[in-house]
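Trainee: I should like to take a close look at a single part of this structure. Please guide me through it in one connected account.

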Amino acid sequence: MENLVRIMGIDPGLRRTGWGIIEAEGTRLRFVACGVLTPAVDQELALRLVHLHEGLMRLIAEHHPHEAAVEETFVNAGARSTLLLGQARGIAVMTPASMGLPVGEYSANLVKKSVVGTGHAEKKQIELMVRTLLPAAKFKSTDAADALAIAICHAHHRQHRKLAVGAC
């Protein structure tokens, strides 16, 4: 029997950082919690980053995940937007790592392909599949749904890595 692992998925953003926590035991998934961190948009960048860092630390301390997964930054139309998002992503990667958690990083296309079956899925398709895979999940935003999808992607890929290692 496989060990239970608690995974925190993080969808980084400066306005809204989605987070979702699931438990995976073999191929079985269970919803634990999800939500969104929303720093005040009128705050200085440094204070918004502190808000994200402190919020993620609080959530990790509260929910005790074993691993974390973060979506990689995709290149936006504007270089400034990409650089700003990269700073939020840096907080999303660094915070769980600084608390001793291994952190997986996944492209948006891989997350979509892992959850929906195609790398170019629409937001509504992702939400539908997250609800299908985690029937108990209650989320009010696409950011939280995306974070749960990132956690599901991590569960799927860590399982395949484990199977591949065990098959040798």
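Along strand β5 (residues 103-106), which side chains point to one face and are buried, and which point to the other and are not?

Mentor: This is a predicted model, in which local features need pLDDT of at least 70, side-chain atom pairs count only at pLDDT 80 or more, and totals for chains, interfaces and linings use all residues. Residues are numbered from 1 along each chain as its sequence is written, and side-chain values use heavy atoms, with hydrogens and water left out.

In strand β5, Gly104 and Tyr106 point to one face and are buried, while Val103 and Glu105 point to the other and are not. Buried means under 20% relative accessible area, exposed over 50%, and partly exposed in between (1.4 Å probe, protein chains only). Helices (H or I, at least four residues) and strands (E, at least two) are DSSP runs, numbered from the N terminus.

Strand β5 pairs with strand β4 (residues 67-71) in the parallel sense over four bridges; two strands pair if DSSP finds at least two bridges between them. Tyr106 in β5 is the bridge partner of Glu71.

On the other face, Glu105 is partly exposed at 38% relative accessibility. Its side chain meets that of Arg89 in a salt bridge, 2.2 Å from N to O; a salt bridge is a side-chain nitrogen of Lys or Arg within 4 Å of a carboxyl oxygen of Asp or Glu. The pair links distant parts of the chain, 16 residues apart, with Glu105 in strand β5 and Arg89 in helix α2 (residues 79-98). Arg89 is buried, at 14% relative accessible area.
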